[in-house]
Structure formats: C-alpha cells, structure tokens
Amino acid sequence: MTTPLHHRLDGQPDGTPLILGPSLGTSLAVWDPHVAALAEHHAVLRYDLPGHGGSPASALPHPEPGHTTVADLARLVLDLADQQGWERFHYAGISLGGAIGAYLAVHHPDRVVHLALICSSAHFGDPAAWHERAALVRQQGTAPLVPTAPGRWFSDLATAESPRGAALLADLAATDPAGYAACCDALATYDLRGDLHRITGRTLVVAGQQDSATPPAHARELASGIPGARLIELTSAGHLAGIERPAAVTAALLTHFDPAGPGVVSDGPGVGVRSSGVGAQGSGAVSEGSGVDGRGAGVVPEGSGVGVGGSGVGARGAGVVSDSSGVDVRGSGVVSEGSGVGVGGSGVDVQGSDVVSGNSRVDVRGSGVDVRGSGVVSEDSGVDVGGSGVDVRGAGVVSDGSGVDVRGSGVDVPGSDVVSLGSDVERFAAGMRVRRAVLGDAHVDAAQARTTPFTADFQDLITRYAWGEIWTRPGLDRRTRSCVTLTALVARGHHDELAMHVRAALTNGLTRDEIKEVLLQTAIYCGVPAANSAFAVAQRVLADLDAKAD
C-alpha cells in the first residue's frame, strides 16, 4: 500500500465536500487565497502532489522513471476521498491538479459533482519536452527551474517578490526531484481530448490571458469539448491566476460551487413591490415576499420579489439578493443564478457588485446600467446591452456564456478584466469542429502540438475567425469554398497552404478532375506561371496520397 498524500482539511465538517488540487511544483499553499471563502460552506480538502509540500515521493505507486500517469495520481486523490467517507465531491484543480480532476470526471463520473479547471489543459503539449524536463530534474534537482518559474507562473514578475510568490518559489526549490519528475512523466502521457465529451458534471474553466504554460487556447479547447462548460478568461493573470487575481477566481468558484449559498441569487417566484419603498435599513434579514428596501440588510431571500420596475428599490450592501428580485444591488454580493434582474429603462446601479452572473439575465436595453467595479459579468448572465451604452469599466469579467451583446451599443469596456464573450467560445468550438472535419485530426493535432506561447494567439485567431466565422457560414457549401480557396492560394503563390487545401478539397468532396479544372481556370485568370507551380504542388500531394494508399 502506498503512503497517503499529505493533505489539510478546512471548513465545515458537515459541509459539501470540495477537493482542491495544486499545480506542478507548488504545494497546497497555492490555494491559500481562496480557502477562507470556500470553507464557509464546504469541507475543503487540499492535498500535496507526491514529492511536493508534505507528501513524500514514496506516495507514488510506480516510482520508476517514465511509469507515473495521471491515472495513478487520480487514484491517490480517490483514496483521500475514501478516507473521508466522501462518495461524491466537488473538485477544483490548477494545471496538473485540474488534469487529475478532469480524469476523475471522465473515469469516475459518479464521484465528481461539479468541476473547476483553472489554467489547465486536455493535453499539455509535446511529450518529449516533459521527458526532457523530468530527466533534467532527476539529474540536477529543481534548482535549475526556479529562476525561470516566475516567467511561467506570473504575468507580472513582481508577483514573485511578494510574500506569497516567494513562498511558492521556495516550495518549488524544496520539491523532491523524484516526485517532480514523476509528475512530468504523468503530464507527458496525458491526453484527454478525445474524452472531454464524457464529462457530465457542471464544469467551469478559468484561464489567464497571459498564461504561457497553458495559453487561453487550451482553456477554450476544454470549454468547447466539455458539454455545457463555462469559460472565464482573466487579464493580468498568468499560469497561477489565483495568485495574481485571487478575488476574481474566488468569486468565480463561489458562484460555480455555491449556486444557492450566500452571495448568490436563489430560486423563487418573484412577487413585485413596485413603488413601495418599505424600509428595513440595517436589519438582519428581509423576509420572503415583503417587498423591502433592504439597504444594509443581511439577506434579501428567496422569493422576496423586490421589484425595481420604475421603483428604485434599494438593497445596497445586501449579503444575498434572491431569485427574481430585480433589485438595485449597489454593493451587493452577487446578482446571479436566475435572478431575472430586469432594468430596461430603469437605470439600475450595480456599482461594486461582486458578481453579475449565472443565468441572471440582466436586461439593460436602453437603460444605461452602470456596472463599474463589478467583480464578474459572466456565465450565462444574458446581459443584453444592444443600443444601451452600458459602462462596464472595471468589471472583473465579461465572459463565457454571458451573452453580452454589444453590437451597435457603444459599450465602454476600458479596464475590464476580460471581454470574452460567449459568442467567441461558440465560434471557437464551431471552428475547431470544421477545421478538424476539413483538414483532419492528424493535421490539427500536429498544429496544436507545435503551438507555443508566441503562436497561441494566432492559432486561436484562425480557429475562431477563419474556421468559426467563414467556413461555418451557410451561403456556400464546402466544395465551393474549397474551389474559392484553391484559386486564392494559387493567385497569391501560397504553396504550403495550397498543398494543405488540395488535401482538404478531396475531403470536401472534390474529385481530382474537378481540382484539375480549378487549376486550369487559374491559368487564365491568375497566370500560366502561377498555375504551373500549382499543378506541381497538387501533383506532389496526389502522388503522396497514392503512395500512402499503396
């Protein structure tokens, strides 16, 4: 029997179980900024990876070089859950910790309720690079990695000099080489891309826009592959986004794991109190159906139906704003989860709100709603600002599924942490599907394996716009688009792309004779020399395909 992983329990013993997984080279301390808030309503278990923090490398079930897998690490986590008597639990993980959670959600869906993946991936790149790092660490320890870690972990190198950043670097320096190298081996063989659709639990994906280790394209691949997954991207955040942006990450996790807890809007019928102005300033709670002005109130609970249709009802400082309440939430904790906050023409002020999220369906058409300082505008909030001139300066997140429609609105978003609209996620997902269908999985997988921090944004661009915007349009079928694309590539002399699209044209249903006709047409309109080169390229592609067929 292997040695159990070192772990720590925080929070309520009878709370909902929540397991937190760390990233490679860190310890359970990487979760320090979030534990206090999460522990208010959860039994929180944090663990150290083998050889990290307080976990010995002897915890590895297969310590031989090259033998450790993510499945092995996931088994160690399940052992911890079993020791606690937890049949089901929520899980959040950073990077490798996220990979462990995703593996558990695929292979043990009966155990994982809700899942959060922070700066993680379905595939962490070239296996050779991980094997090389493992070999380096086995020979020299983790010391050679420490000087370059700040650039991998943080968007602002000054974070490494903060007490928390310095402590994490010290954890890396103290990591057992055998444990670190074994985790590298696990990352080398990890590839969950073909299984993402098997994740059935509600999933949140968080990315740092300046993450060079797992760029946002990795998060978008997760979000597009996991049914119903929601994506939040944070600016001014690198690989350890929770260290650089603790408030935003904590708010996102609380909303994801606590849809009916404090600071979240809950279900209820929503009776209205338009124009009532009943006061309970400073009161501990505002009771159900009361229609109260809850400035300073501790709770505006389920079913209160505090209405603001032309009323200006206040709930400034309210701890909880309930379902269908439709309140003025200046300073409130959250406007979220089905709240149906309708402010069309009302001028509702949500300055200082921590979150405007989770199906809240804030309709601000024509209202001029001010959400400056809001922590998050995200996750299916349905914020419709068409033509409204909404000001979201300083909003923490405008992200996945929010449905923020800014076409023609003149929305002002300077300083917003993220403007990552649900349509971007949809475009990326649609683009990836078409790109794979036209170019083939092998080509796309190879392109992604070659992706570096320098090229990641470009790969994201072509997937979302070339493939997600143009190739998905209904006006032309794929055969016709192939004809147009071949002609354009011949005209511009882009021979590498031409070779790729000759193969794609065959996939899209063009025959060899039809490709020949397209190239003959280009001889007239693009020039004989251009067509001559194009025929040579196409001939090489066809000959290569014939050779492989033999």
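This is a short dialogue on reading the sheet, helix packing, cavity and pockets of a predicted model.

Visitor: What should I know before I start?

Guide: Residues are numbered from 1 along each chain as its sequence is written, and side-chain values use heavy atoms, with hydrogens and water left out. Because the model is predicted, local features need pLDDT of at least 70 and side-chain atom pairs count only at pLDDT 80 or more, while totals for chains, interfaces and linings use all residues.

Visitor: How are the strands of the sheet ordered?

Guide: Helices (H or I, at least four residues) and strands (E, at least two) are DSSP runs, numbered from the N terminus. Two strands pair if DSSP finds at least two bridges between them. Here 7 strands make an open sheet with mixed pairing, in the order E1-E3-E2-E4-E5-E6-E7.

Visitor: Which strands stand at the edges?

Guide: Those are E1 (7–11) and E7 (230–234); each has a single partner strand, so one side of each is left without a neighbour in the sheet. From one strand to the next, the twist averages 15°.

Visitor: How many bridges join E4 to E5?

Guide: E4 (residues 89–94) and E5 (residues 112–118) run parallel and are joined by 5 bridges. As an example to find on screen, Ala-92 has Ala-116 in E5 as its bridge partner.

Visitor: Which strands does helix H3 touch?

Guide: Contact means heavy atoms within 4.5 Å. Axes are lines fitted to C-alpha atoms, for helices over the stretch in contact, and angles run from 0 to 180 degrees between N-to-C directions. H3 (residues 96–107) packs on the sheet and touches E2 (16–21), E3 (42–47), E4 and E5, with its direction at about 145° to that of E4. Helix H8 (residues 216–225) lies across E5, E6 (202–208) and E7, at about 170° to E6.

Visitor: At what angle do H4 and H7 cross?

Guide: The axes of H4 (residues 127–140) and H7 (residues 177–189) cross at roughly 170° and come within 8 Å. That makes the two helices roughly antiparallel, a label for angles over 145 degrees (under 35 is roughly parallel, 65 to 115 roughly perpendicular and the rest oblique). Residues in the contact include Trp-130 and Val-137 of H4, and Tyr-180 and Leu-187 of H7.

Visitor: What classes of residue make up that contact of H4 with H7?

Guide: Ala, Val, Leu, Ile, Met, Phe, Trp, Tyr, Cys and Pro count as nonpolar, Asp, Glu, Lys and Arg as charged, and the others, Gly among them, as polar. The contact has 11 nonpolar, 1 polar and 3 charged residues.

Visitor: What is the difference between a cavity and a pocket?

Guide: On a 1 Å grid over the protein atoms alone, a cavity is a set of points where a 1.4 Å probe fits but cannot get out; a pocket is an open set with protein on both sides within 12 Å along at least five of seven lines, and lining residues have an atom within 4 Å of a point. Grid points are joined across faces, edges and corners, and a volume is the space filled by probe spheres set on the points. There is 1 cavity of 30 Å³ or more, and the largest has a volume of about 50 Å³. Helix H9 (residues 241–244) gives the largest share of its lining, 3 residues, and the lining has 8 nonpolar, 2 polar and no charged residues.

Visitor: Which residues lie nearest the centre of the largest pocket?

Guide: Of its 38 lining residues, they are Phe-124, Gly-125, Ser-212, Ala-213 and His-218. This pocket has a volume of about 710 Å³, and its lining has 15 nonpolar, 15 polar and 8 charged residues.
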